[in-house]
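The following exercises concern salt bridges, burial, surface and the contact between two chains. Each task is followed by a solution in steps.

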Amino acid sequence: MTNVQHSNPILDAASIAKSFGPVRALTDARLRVSAGEIVALLGANGAGKSTFVKILTGALSPDYGRVLIRGKPANVGSPAKARASGLIPVYQEPSLIPDLSVFENLRLSGTSVEPFLEFVTKLGIEDIRLEDEITSLPLATLRILDLGRALASNPQVLLLDELTAALPTDLVENVLKVVREQADAGCGVIYISHRFSEISLLCDRASVLRDGQTVGELVIKPGVEEHVVELMLGAKIDLYQREGLSSALPNSSTPRLSIKSLSAEPKLEDVSFNLYSGEVLGVVALEGQGQDELFEILSGFRRQTSGAIELNGNLVSFAHPADAIAKGLMFVPGDRADALLAERSVHENIALPFSAAGSSWGPLKRRFENERVKHAIEKLQIDTRAQGEVRRLSGGNQQKVTIARWLAKGVETLLLLDPTRGIDVRTKRQIYRLVRELATQGAAVLFYTSELGEIPLACDRTIVIFNGRVVDIIDAKDATEQVLMRAAYGLERQGTEA
Amino acid sequence: MKDTPTVQASVRLGRYLRDNPVIPLIAFLLLLIVALEIMKPGMIMPIRVGRNGIFSTFWIGNLIKFAIPLAMLAACQVLTMLTSGIDLSAGVVATVAAFVCATASPLVGVGPSILIALSAGALVGLVNGIGSGIIRVHPLIMTLGTGLIATGCLQVYQRFVISTGTEIPGFLLWLGTGRTLGMPNGLFLFIPFAIGILGLMRYSGFGRLLFALGSNEHAARLSGVRSWQVLVALYVLSSIIASLAGLLYLGMIRTPSLSLANPLLLPSVAAAVIGGTSIFGGRGSFGGAIVGALILRVIDTLLTLLQMPQGARIMIFGLIILAVTAMYVRITGQR
């Protein structure tokens, strides 16, 4: 029961296959995790990663293959059984029940309080009160609580799915440290992330999925990124190539959008900037600095408490997203689930805005729609094999649908709130390229991203928001991650005359 | 390699049925009719007892005749359920329209009385729409409330018109009780109506918005849909449909009363649900609801034939609805 078991992996999944009707999501996926090991599970958009995760956690049963935990078949097929056999998942969306308090959530999952508090403190949340209701806590805190709960329930294998997406940087550091400690204590960790920086910092090995198949298992060492990307994509690409050439800032004197001293409860204090047609303007901010409020105001979801928005020099205000759309301002929210009709077809999702106005409630204009929808699908290279229901598409393809909708409608000012969150490198690059192309054609794009490395790839300039105010405007060619990071924390720029 | 053929086939069958939810329902309907024929030979296939015709057009005509008002009220439920709403005032609205039409026609004539009846119904719908679309009261509560209010108003109204007597327009009698080629004349109203509803759901912008609101209202709003406009229009439309059903039912039953169409309300919800419409919104089919209405009528006949006491009939009716819905969910894998 000791030596033999020790050399065996904790988790051993082999020859996993799963099909959904004609779509074969997985053909031959495998994964081995030994005690004390952190394995990155990587794969491009549509490679079958989500399906693999669902099978490992018991949300789906495989058509073929087996999952062993400590040599015993983990009764995959039910999340509760997977949990009981020691595999604890932590997802991007915290699985805490919103209307209950922290304590009640712990009781529900049978987690003991002491270790939970210990882990949460170690993760960097010190002011947590057990009687706080989940709804009253910010998202970043909830992610930490969810992780703390998982750690406190003595996992054999931890599965962390995009855990650090949109977490503020200081918390990310703590999370990585604690996860490492946990692994050193003998736990196996499956780590899913699109951030190479974290993977090379944290993980021991990487397992790469492509087209439903595990195509490689690599040991993480400096310079392995290129190799991983190559495996993921099946062809060599330059990871850090700038998309297109910087379009020279147009000399038009009136900006497309001029924001003047905009403020809104609770975070937005005083934001002013100009967005010109033909440019992609980045927005950099740590979590909760007012960027959410800014995008909600510009897209017509809420009103500002003070300040003004000028569009082509004219004062505008939006009482409803329909007003913003009528003026050409179109919004892609950070959470895909907010933007999609999950059970409707790709076509219907893209064509939805065509029917929005009361004047278009009559018969559908099939030919007109088909032409535009088809164009948008081709432009974004959406994989339409599972187009009957958007929820059957991979995450990256779903994200493309949210953008294709506005492409089909015809966009003048595109408001993107973290459009590349949780999607793979190839899709990210397609989105940068598309954004650049739209700008070249005269559109104006506002591009918030939680990944600083994207700014020089997609944007011309970037504003940095800190504490609800614009603290800096940085040219894309100077926007290294260090510069942006300092600015995002409200620090002065080094080497400037100031 | 590992695609077990049986799994594949059952998945494919499930998906096919899911895309064509009416097929298992029609199969079930036929099964019930066969059961009926076995219990009472000659009822449906008179040739076996020596009468002419292969199928009894009389019996089938009768089945269709009584299913029509039910199917029309089920249309109210399908349309509102698409947006994750419901119209519990539909039965009362049908009654109001019928009663107002019957009492007003001696006073103002047939044409105007029908107009008044439809407007009275539409008024209830407008209140429903404002309540659920603008004030955002849950449609279940809103339509329950307006249904009760409308019942009360009808009783007050009755006191004023008690002396005028009632008259049922001849046109409605023709529509409700007449037959052409053995089939009920109600089909002259119902067939264009059904085509209209099916077209509305599948080929109109309004129909698309109903599905969109039920699937994800936030996404619809983001796409520029002003949901209150859609909901107000929807509940007015639903009430107008209910009023039309009430007028037809008046011609069928021929005696206006203060609770004429009320007993049809819950069966109309059942018909919609059996027909594959999700009460959570975003999924539904009127074709399914039509078959659902037919199934309910056949079950009703079946239970009458068994000569069960009323209580047992209602119990079995409820059980069958639950069973059909559960079976349906199993087969098509949807809720």
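**Exercise 1. A salt bridge between chains**

Characterise the salt bridge that R283(B) forms, and place it within the contact of chain B and chain A.

Solution. The model is predicted. Step 1: the partner of R283(B) is E343(A), and the closest N and O atoms of the two are 3.3 Å apart. Step 2: the criterion asks for a side-chain nitrogen of Lys or Arg within 4 Å of a carboxyl oxygen of Asp or Glu, and the value of 3.3 Å for this pair satisfies it. Step 3: between chain B and chain A the count is 3 salt bridges. Step 4: the interface also holds 16 residue pairs in polar contact, both residues being at pLDDT 80 or more. Step 5: on the side of chain B that touches chain A, at least two residues each are supplied by α1 (5-19), α8 (186-203), α9 (205-215), α10 (217-222) and α11 (227-253). Of that side, α9(B) gives the largest share, 7 residues.

**Exercise 2. The extent of the interface**

How many residues does each chain bring to the contact, and what area do chain B and chain A bury?

Solution. Step 1: chain A contributes 44 residues and chain B contributes 32 residues. Step 2: the size of an interface is often expressed as the accessible area lost when the parts come together. Step 3: for chain B and chain A, this buried area is about 3200 Å². Carbon and sulfur atoms account for 54% of that area.

**Exercise 3. A network and further salt bridges**

Determine the surroundings of E389(A) and R391(A), then examine the pairs D418(A) with R421(A) and R469(A) with D270(A).

Solution. Step 1: R391(A) and E389(A) meet through their side chains in a salt bridge of 3.2 Å, N to O. Step 2: E389(A) has 8% relative accessibility and is therefore classed as buried, whereas R391(A), at 41%, is partly exposed. Step 3: salt bridges with shared partners connect E343(A), E389(A), R391(A), R392(A) and R283(B) into one network. Step 4: the side chains of D418(A) and R421(A) form a salt bridge at 3.3 Å, N to O, and both residues are buried. Step 5: R469(A) is paired with D270(A), with closest N and O atoms 3.9 Å apart. This pair links distant parts of the chain, 199 residues apart: R469(A) belongs to strand β20 (residues 469-475) and D270(A) to strand β12 (residues 268-275) of chain A. Step 6: both partners are partly exposed, R469(A) with a relative accessible area of 41% and D270(A) with 30%. Over all chains, the structure holds 30 salt bridges.

**Exercise 4. Two aspartates of chain A**

Are D12(A) and D383(A) buried or partly exposed?

Solution. Step 1: D12(A) has 12% relative accessibility, under the 20% limit, and so counts as buried. Step 2: D12(A) is found in strand β1 (residues 11-20) of chain A. Beyond its neighbours within four places in sequence, D12(A) contacts L31(A), R32(A), R66(A), V67(A) and L68(A). Step 3: D383(A), at 29% relative accessibility, counts as partly exposed. Step 4: D383(A) lies in the loop between α13 (366-380) and α14 (395-409) of chain A. Apart from its neighbours within four places in sequence, D383(A) is in contact with L393(A) and N397(A). Step 5: a polar contact of 2.9 Å joins the side chains of D383(A) and R385(A).

**Exercise 5. Interior and surface of chain B**

Why is helix α12 (residues 265-274) of chain B largely enclosed, and where does the nonpolar patch of chain B draw its largest share?

Solution. Step 1: helix α12 of chain B is largely enclosed by the rest of the structure because 8 of its 10 residues are buried. Among them are L265(B), V269(B) and I274(B). Step 2: in chain B as a whole, buried residues make up 52% of the 335 residues. Step 3: a nonpolar surface patch of about 640 Å² is formed by L123(B), L126(B), V127(B), I130(B), I134(B), I135(B) and W228(B). Step 4: helix α5 (residues 110-134) of chain B provides the largest share of the patch, 5 residues. Step 5: L123(B), a member of helix α5, counts as exposed at 53% relative accessibility.

Note on methods. Residues are numbered from 1 along each chain as its sequence is written. Chains are lettered from A and ligands numbered from 1 in the order in which they are written. This is a predicted model: local features need pLDDT of at least 70, side-chain atom pairs count only at pLDDT 80 or more; totals for chains, interfaces and linings use all residues. Side-chain values use heavy atoms; hydrogens and water are left out. Patches are made of residues with over 30% relative accessible area and no salt bridge: like charges are joined within 9 Å, nonpolar side chains (Val, Leu, Ile, Met, Phe, Trp, Tyr) within 5 Å. Accessible areas come from the Shrake-Rupley method with a 1.4 Å probe; for residues, only the protein chains shown count as cover. Helices (H or I, at least four residues) and strands (E, at least two) are DSSP runs, numbered from the N terminus. Buried means under 20% relative accessible area, exposed over 50%, partly exposed in between (1.4 Å probe, protein chains only). Contact means heavy atoms within 4.5 Å. A polar contact is a pair of N or O atoms within 3.5 Å; within protein, one must be able to donate a hydrogen and the other to accept it, and residues adjacent in sequence count only if both atoms are side-chain atoms. Buried area is the accessible area (1.4 Å probe) that two parts lose on being put together, summed over both.
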